Amino acid sequence: MKKNKVKLLIVDDDPKVGWILTEGLEGQYDILLARDGIEGIQVASKENPELILLDIKMPGMDGIEVLRKLKKAEVPSEIIMLSGHGETKYIVESIQLGAAEFINKPFDVKEVEIHLQSVLEKSHLRNKIREYEKELKSRNQYESFIGDSPQMVEVRNIIEQVADSELTVLIRGESGTGKEIVARMLHNLSARSGLSFTKVNCAAIPRELLEAELFGYEKGAFTGAHKTKPGRFEVANKGTIFLDEIGDMHLELQSKLLQVLEQQEFVRVGGIQNIKVDVRIICATNRNLEEAIARQRFRDDLFYRLNEITILLPPLRDRLDDIPLLVDHFLKKYNALYKKEFPIISGETIEKLSRFHWPGNVRQLENVMKQIVVREDEDIAESLLKAGSAMPANTGGLAHSGSGTQQQAVTGNPHPAESETGEKDYSLKKRVSRAIEREEKALIAEVLNKVNWNRRKASEILGVSYRSLLYKIKEYKINEMNS
Ligand SMILES: Nc1ncnc2c1ncn2[C@@H]1O[C@H](COP(=O)(O)OP(=O)(O)OP(=O)(O)O)[C@@H](O)[C@H]1O
Ligand SMILES: [Mg+2]
């Protein structure tokens, strides 16, 4: 198969330069020629050559001007300047404008070849580093966004596709499903990531203050407005603003937000001057916006404008396969945070957690795991779940979340205490776990006796950590007398 050659554009009004270089370099490069600056810019924009050799002195537009225009247009080519006698004064200017190299005329073709190779290698290296950095950044992002169920893989795909666009994203999902994590990921994976991420919780700020908070106010706009204050939109300029709980924003403010979305400008409270901002907007809600529209509590035009892309986070009960990974993640997180060494969670507890219906979603699971680690006791899971099952299930009533599946999951995986067959299951499970406990206690006692109560040795033989052996000895009340 023919290997694709690197495209090299030579821009020079002197035809001899083109001939000499074509003859010497044709074998390795796919050569394009342009005889003046304007033609050079046209060919560069159309062909995207990897390398451009650009003469400085040309009639009409000179090489420095061409370089400036190409850089402004963000043409990705590496540009090498060709300068005639006495033009070295342009070296600094060209390098400042972003030229990769400077070659003096008259040149030797071999010398040009070496320069081209070196520029090309540096450029490839830079691209690799850029790709590597991007991958690393996205991997770090994903490390804290756990879940490999098909639903979560789909969510990740959408995030990847839309993060770097300027589209307004609406994130929907029940409370605790991870909407804020997704908003932060969208920002961190976008070109705005080096700039600010501003979160405003529309439900937490009293209605009468929210407008001033978002759009700022002029001195004297209302009692207490002693000086002009910019709002969050101004502060977020060039970055991302995350409007959390957008479903709670009152109607008048919704129209002002619509205006920002459409014109990227607004007026401060009490002001007259339009303020322009360049802000990417991400919103989230756990409310049923369709229902709010029907009740005239939410503007439909705003809804369609916010809804350029919707990311729907499924409730945890619809993706119970994610539980083992989440458990592991939170175990590591809280062991590190609280300097604990709580060992792995048993299969039995994981199973229990996987049968729960999680009205508080991932946040609830995170809380359960936090308490298990802090108290170093996984057996408290059951009572925590019982307390948790009294939590009201979020009835955000998401129209697109497939309420059928949701319904099925709730009735298909109820808490054991809630179903008749569950009760049976439950007592059977209790008997099994008592039998396991008896077996475990006997085995620990036997090994401890064999090693003369050398606990370290016993933990090695039993294949459990020293810490968890001590815990079991205490829990089963094993001592040298009764073992
Ligand atoms: N996929 C996930 N991986 C790891 N942690 C998660 C995931 N989803 C949620 N969490 C954790 O659960 C908690 C709740 O998440 P988050 O605050 O993003 O939820 P939310 O959807 O914004 O909830 P609310 O509507 O109540 O504001 C956070 O501590 C978050 O770190
Ligand atoms: Mg939230």
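**Close-up 1. Polar contacts to ligand 1 in this predicted model.** Start with Arg363: an N or O atom in its side chain sits 2.9 Å from an oxygen atom of ligand 1. Ser175 also has a polar side-chain atom here, 2.4 Å from an oxygen atom of the ligand. Thr177 takes part through its backbone instead, with a polar atom there 3.3 Å from an oxygen atom of ligand 1. As for burial, ligand 1 has 630 Å² of accessible area on its own, and the protein covers 87% of that.

**Close-up 2. The pocket and the shell around ligand 1.** Ligand 1 takes up the space of the second largest pocket. Around the ligand there are 19 residues, and those that come nearest are Ile146, Ser175, Gly176, Lys179 and Glu366. Sort the shell by character and you get seven nonpolar, six polar and six charged residues. Three helices each give two or more residues to this shell: H7 (179-188), H13 (323-337) and H15 (361-375).

**Close-up 3. Ligand 1 where two domains meet its shell.** Why does ligand 1 lie between domain 2 and domain 3? Residues of the shell come from both domain 2 (146-313) and domain 3 (316-418), so the ligand ends up between the two.

**Close-up 4. A cis peptide bond at Pro106.** The bond joining Lys105 and Pro106 is cis, with omega at about -5°. To find Pro106, look in the loop that runs between strand S5 (101-104) and helix H5 (109-143).

**Close-up 5. Positive phi at Glu74.** Glu74 isn't a glycine, yet its phi is positive, near 55°. The loop holding Glu74 is the one between helix H3 (63-72) and strand S4 (78-83).

Definitions and conventions
Residues numbered from 1 in each chain as written. Chains lettered and ligands numbered in written order. Predicted model: local features only at pLDDT ≥ 70, side-chain atom pairs only at ≥ 80, totals over all residues. Heavy atoms only, no water. Near = heavy atom within 4 Å. Polar contact = N/O pair within 3.5 Å; in protein donor to acceptor, adjacent residues only side chain to side chain. Areas by Shrake-Rupley, 256 points an atom, 1.4 Å probe, with all protein chains shown as cover. 1 Å grid on protein atoms, 1.4 Å probe; cavity = no way out; pocket = protein on both sides within 12 Å on 5 of 7 lines; lining within 4 Å. Sits in = over half its atoms within 2 Å of the grid points. Helix = DSSP H or I, 4+ residues; strand = E, 2+ residues; numbered from the N terminus. Nonpolar A, V, L, I, M, F, W, Y, C, P; charged D, E, K, R; others polar. Domains from an automatic or database assignment.
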